[in-house]
Amino acid sequence: MFKGPDKDIEFIYTAPSTAVCGRLLDTGGKKEYLIAGKSEGNGKMHITLCDLVSTWDSLSPTQKKSLNQRYQMGCECKISRCLSIPCFVSSSDECLWTDWAMEKNNVDGRQAKHYACIKRSDGSCAWYRGMAPPKQEFLDIEDP
């Protein structure tokens with residue numbers, strides 16, 4: 001648990017199908033998930049299609065590292081979605097998220113996978129590249 005209630009989440013509730021905004025999860029215990037949802041504080045959590053739910057294995061190394069080290073540096077920043085080009089920030093405390101516009105409606109694109117919006121020492125916010133994505137030719141190699 002990275003951030004959340006003091007006690008463990010014992011139950012996660014969702015609607016029975018995606019047609020009514022439910023999430024489909026592997027309940028066989030073989031997959032680990034990163035889940036952001038609404039906690040009721042009594043060991044119960046509710047999730048919908050609008051909540052962040054990703055398998056742990058699908059997260060990039062930058063995303064995993066940023067959970068512990070970088071994302072908290074951007075809590076005072078605002079991420080603004082760019083739905084079509086051109087788009088602009090309206091203040092220095094914004095980071096412009098362009099994955100949707102630049103990668104054909106992809107919410108899990110290069111920017112989301114490899115960058116974190118953080119507050120700089122001058123008070124402005126900017127995208128920070130945590131670590132380089134793996135090279136394509138090494139994607140089929142198993143981790144050591």
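Buried here means under 20% relative accessible area. Keep that cut-off at hand for this tour of a predicted model.

**The whole chain**

Start with a cartoon view of everything. The chain has three helices and nine strands, and read along the sequence they follow the pattern β-β-β-β-β-α-β-β-α-α-β-β. Now colour by accessibility: of the 144 residues, 25% count as buried. The chain exposes about 10500 Å², and carbon and sulfur atoms supply 52% of that area. If you draw a contact map, look away from the diagonal as well. Among contacts with a separation of 6 or more, 42% are between residues 24 or more positions apart.

**Stop one: cysteine 77 and cysteine 125**

Select the cysteines next. The count comes to three disulfides. Begin with the one that joins cysteine 77 to cysteine 125, where the S to S distance is 2.0 Å. This pair links distant parts of the chain: cysteine 77 sits in the loop between α1 (61-69) and β6 (78-81), while cysteine 125 belongs to strand β9 (residues 125-129), 48 residues apart. Measure the dihedral about the S-S bond and you should read -85°, a left-handed link.

Is cysteine 125 buried or exposed? Its relative accessible area is 8%, so cysteine 125 is buried. Cysteine 77, at 13% relative accessibility, counts as buried too.

**Stop two: cysteine 82 and cysteine 87**

Move on to cysteine 82 and cysteine 87, which form a disulfide with their sulfur atoms 1.8 Å apart. The link of these two is left-handed, with -95° about the S-S bond. Switch on a surface and compare the ends. Cysteine 82 has a relative accessible area of 0% and is buried, whereas cysteine 87, with 21%, is partly exposed.

**Stop three: cysteine 95 and cysteine 117**

Now pick cysteine 95 and cysteine 117, joined by a disulfide with an S to S distance of 2.1 Å. Which hand does this link have? The link of cysteine 95 and cysteine 117 is right-handed, with 80° about the S-S bond. Cysteine 95 lies in strand β7 (residues 94-97) and cysteine 117 in strand β8 (residues 115-119), so the pair ties together parts that are 22 residues apart in sequence. Both cysteine 95 and cysteine 117 are buried.

With the disulfides labelled, number the bonded cysteines in sequence order, and the pairing reads 1-6, 2-3, 4-5. Before hiding the sulfur atoms, look at cysteine 75, which is in no disulfide; its nearest cysteine sulfur, that of cysteine 77, is 8.6 Å away. Cysteine 75 counts as exposed, at 57% relative accessibility.

**Stop four: a charged pair**

Side chains of opposite charge can pair when their charged atoms come close. How many salt bridges does a search of the whole structure find? The search finds one. Select glutamate 76 and lysine 119, whose side chains meet in this salt bridge at 2.9 Å, N to O. Glutamate 76 lies in the loop between α1 and β6 and lysine 119 in strand β8, so the pair ties together parts that are 43 residues apart in sequence. Glutamate 76 counts as exposed at 60% relative accessibility, and lysine 119 is partly exposed with a relative accessible area of 29%.

**Stop five: a three-stranded sheet**

Head back towards the start of the sequence and show the strands of an open sheet. Its three strands have the order β1-β4-β3, with mixed pairing. β1 (11-13) and β3 (38-39) stand at the edges with a single partner strand each, so one side of each is left without a neighbour in the sheet. Zoom in on β3 and strand β4 (residues 44-46): they run antiparallel and are joined by two bridges. Lysine 38 stands opposite histidine 46 in β4.

**Last stop: two rings**

Finish with the one aromatic pair that the structure holds. Select phenylalanine 11 and tyrosine 13: their rings are 6.3 Å apart centre to centre, with 35° between the planes, and the pair is tilted. Leave the surface on for a final look. Phenylalanine 11 counts as partly exposed at 45% relative accessibility, as does tyrosine 13 at 34%.

Terms used:
Residues numbered from 1 in each chain as written. Predicted model: local features only at pLDDT ≥ 70, side-chain atom pairs only at ≥ 80, totals over all residues. Heavy atoms only, no water. Pairing = 2+ DSSP bridges. Helix = DSSP H or I, 4+ residues; strand = E, 2+ residues; numbered from the N terminus. Phe/Tyr/Trp six-rings, centres within 6.5 Å; stacked < 30°, edge-to-face > 60°. Buried < 20%, exposed > 50% of the residue type's maximum accessible area, 1.4 Å probe, protein only. Disulfide = S-S within 2.5 Å. Salt bridge = Lys/Arg side-chain N within 4 Å of Asp/Glu carboxyl O. Contact = heavy atoms within 4.5 Å. Areas by Shrake-Rupley, 256 points an atom, 1.4 Å probe, with all protein chains shown as cover.
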